[in-house]
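Biologist: I would like to go through this model with you and ask how each label was earned. Could you show it to me before we start?

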Amino acid sequence: MLAAVRRRGLSLPLGALAAAFSSTTAADPAVSYLISRCGLSPAAAARTAPSVRLHLASPGAAARADAVLALLRRYGFSDADISSTIRRRPTLLSSDPAKTLQPKLDFFASVGVSAPLLPRLISVTPGLLYSSVEDHLDPLFATLREVLGGSDDLVIAVLRRSPFVARCQPKATLLSWLPLLRDIHGLSTDEVAKLVAVHPSAIMLTPDRINEIVDAVIRVGVEPGSPMFAYVFGVFAHMKATTLESKITHYRRLGFNSDSITQMIRRYPESMAMSEKKISEIVGFLTGKAGLSLEDMVAYPNMLVRSLETLSRRCAVFAVLTRAGKRPEQPLRLALVYSERRFLNLYVEPHADELPNVLRAMKGEIPFEGFIGGSDEKPT
């Protein structure tokens with residue numbers, strides 16, 4: 001029935017399609033169970049049912065599946081967590097909750113991994129519940145502790161930032177790249193710990209990829225051991241070498257010289273994390289309507305990662321204040337990189353009663369079209 005619905009679904013009215021799904025659900029206990037007990041949508045249940053249909057049809061299977069769900073709930077899994085986990089690994093419903101699942105959940109609890117991190121970790125990588133505690137989970141946590149200075153709290157922080165780290169095999173990954181970073185590239189134990197804390201997925205990189213990234217970081221003037229090394233490494237690790245070179249070339253086309261580009265990277269590595277389209281939009285706005293120079297951006301490259309909307313609204317506030325004779329003391333280039341709270345405290349709240357347009361500008365209700373008075377108006 002469902003196959004026919006799929007073949008003819010595009011030609012069926014919405015009501016008929018819903019009725020077809022309803023009749024399919026009623027006729028298929030597996031689909032019904034996945035919807036009613038696991039929270040899957042009818043469409044997701046229909047896709048998932050073939051993986052569990054035979055199991056749920058066997059005697060006592062529904063009771064075992066209920067026990068699995070009850071166990072997950074005891075460890076803090078919400079309905080949404082259960083739905084996500086079962087969608088990814090429906091065969092969990094046929095697992096032995098006491099022998100297969102609980103030992104892994106108990107291990108995670110013993111090292112301080114609890115809800116909401118535990119459900120997220122399992123929903124992203126449900127295969128962890130089939131891993132051996134002795135051969136995988138315990139060695140993994142022991143190695144992560146070694147890398148991070150012996151702290152379970154730091155291990156949990158790493159897993160929170162990058163749950164996929166739990167998939168890596170300590171002997172095949174961690175124990176192969178640790179000597180590379182320490183002995184070949186000269187990072188201290190503390191520097192390796194910082195690198196992993198800042199960029200957890202570095203653990204899953206191959207030695208060749210690590211060498212490639214380290215070489216790229218050194219080429220922009222950031223040596224291993226520099227306070228910025230981990231941050232530049234983390235940004236570069238998310239892009240191919242050709243992508244990085246393309247972005248550097250793009251900055252050059254916009255007027256930045258090589259020294260300026262390396263300065264921006266050293267000061268704020270995320271200036272390389274944006275798309276070339278966004279780089280063009282932001283630089284064009286800042287040098288055009290906002291009237292700033294390339295040197296301003298080199299000095300404060302964090303302004304480049306602000307949204308165009310945020311930059312435009314802040315410039316609009318400055319324009320309102322300047323036209324009212326309340327020219328801000330701080331230069332615009334600084335105001336564009338302040339936190340939202342600080343910007344409001346300095347430029348909006350003190351003038352809101354006297355100049356309602358300041359609030360309107362901050363809300364985007366007064367479009368910024370540039371500082372119409374030229375250099376006399378622009379608060380540089």
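**Why these labels?**

Modeller: Let us begin with a residue whose label rests on one number: tyrosine 347 has a relative accessibility of 2% and counts as buried. Keep in mind that this is a predicted model.

Biologist: Why is tyrosine 347 called buried?

Modeller: Buried means under 20% relative accessible area. Tyrosine 347 is at 2%, so the label applies. Phenylalanine 343 is at 0%, so it is buried by that rule too. Both residues belong to helix H21 (residues 340-348), where they sit 4 residues apart, about one turn of the helix.

Biologist: Why does that spacing matter for the way residues point?

Modeller: An α-helix has 3.6 residues a turn, so residues three or four places apart point the same way.

Biologist: What makes the rings of phenylalanine 343 and tyrosine 347 a tilted pair?

Modeller: Rings pair if their centres lie within 6.5 Å, and planes from 30 to 60 degrees apart count as tilted. The count by this rule comes to 11 aromatic pairs. For phenylalanine 343 and tyrosine 347 the centres are 4.9 Å apart and the planes stand at 55 degrees, so the pair is tilted.

Biologist: And why is the pair of phenylalanine 368 and phenylalanine 371 given the name edge-to-face?

Modeller: Edge-to-face needs planes over 60 degrees apart. Here the planes are at 65 degrees, with ring centres 5.0 Å apart, so the pair is edge-to-face. Phenylalanine 368 is buried, at a relative accessible area of 4%, and phenylalanine 371 counts as buried at 8%.

Biologist: Which residues form an aromatic cluster with Phe343 and Tyr347?

Modeller: Phe318 and Tyr338 form one aromatic cluster with them.

Biologist: How do you know that arginine 342 lies over the face of tyrosine 338?

Modeller: The distance part of the rule asks for CZ of Arg within 6 Å of the ring centre. Arginine 342 is at 4.1 Å from the ring centre of tyrosine 338 and lies over its face.

Biologist: Let us turn to the helices. What makes H14 largely enclosed?

Modeller: Of the 8 residues of helix H14 (residues 229-236), 7 are buried, so the rest of the structure largely encloses it. The buried ones are Phe229, Ala230, Val232, Phe233, Gly234, Val235 and Phe236. Their cover includes helix H12 (189-198), H13, H15 and H16.

Biologist: Which residues does phenylalanine 236 touch, once neighbours within four places in sequence are left aside?

Modeller: Its contacts are Arg209, Ile213, Ala216, Val217, Val220, Leu244, Ile265 and Met272. Phe236 is also named, with Phe108, Phe233 and Leu286, among the residues with the most contacts inside the largest nonpolar core, which has 120 residues. Helix H19 (residues 308-323) gives the most to this core, with 8 residues.

Biologist: Where does the lining of the largest pocket come from?

Modeller: Helix H13 (207-219), helix H15 (241-253) and helix H16 (258-267) each supply at least two residues. H13 has the largest share, 6 residues. The lining has 19 residues, and Ala216, Arg219, Leu244, Glu245 and Ile248 lie nearest the centre of the pocket. Its volume is about 310 Å³.

Biologist: Is serine 271 buried or exposed?

Modeller: Serine 271 has a relative accessible area of 0%, so it is buried. Its place is in the loop between H16 and helix H17 (276-287). Beyond neighbours within four places in sequence, serine 271 is in contact with Tyr251, Met264, Ile265, Ile279, Pro301, Leu304 and Val305.

Biologist: What about serine 84, is it buried or exposed?

Modeller: At 13% relative accessibility, serine 84 is under the 20% limit and therefore counts as buried. It is found in helix H6 (residues 79-88), whose buried residues are Ile82, Ser83, Ser84, Thr85 and Ile86. These pack against helix H3 (29-36), helix H4 (42-57), helix H5 (61-74) and H8.

Biologist: One last point: which peptide bond is cis, with omega near 5 degrees?

Modeller: That is the bond from alanine 115 to proline 116. Proline 116 is in the loop between helix H7 (97-110) and helix H8 (117-124).

Note on methods. Residues numbered from 1 in each chain as written. Predicted model: local features only at pLDDT ≥ 70, side-chain atom pairs only at ≥ 80, totals over all residues. Heavy atoms only, no water. Core = buried A, V, L, I, M, F, W, Y, C linked by side-chain atoms within 4.5 Å. Buried < 20%, exposed > 50% of the residue type's maximum accessible area, 1.4 Å probe, protein only. Contact = heavy atoms within 4.5 Å. Phe/Tyr/Trp six-rings, centres within 6.5 Å; stacked < 30°, edge-to-face > 60°. Lys NZ or Arg CZ within 6 Å of the ring centre and 35° of its normal. 1 Å grid on protein atoms, 1.4 Å probe; cavity = no way out; pocket = protein on both sides within 12 Å on 5 of 7 lines; lining within 4 Å. Points joined across faces, edges and corners; volume = space filled by probe spheres on them.
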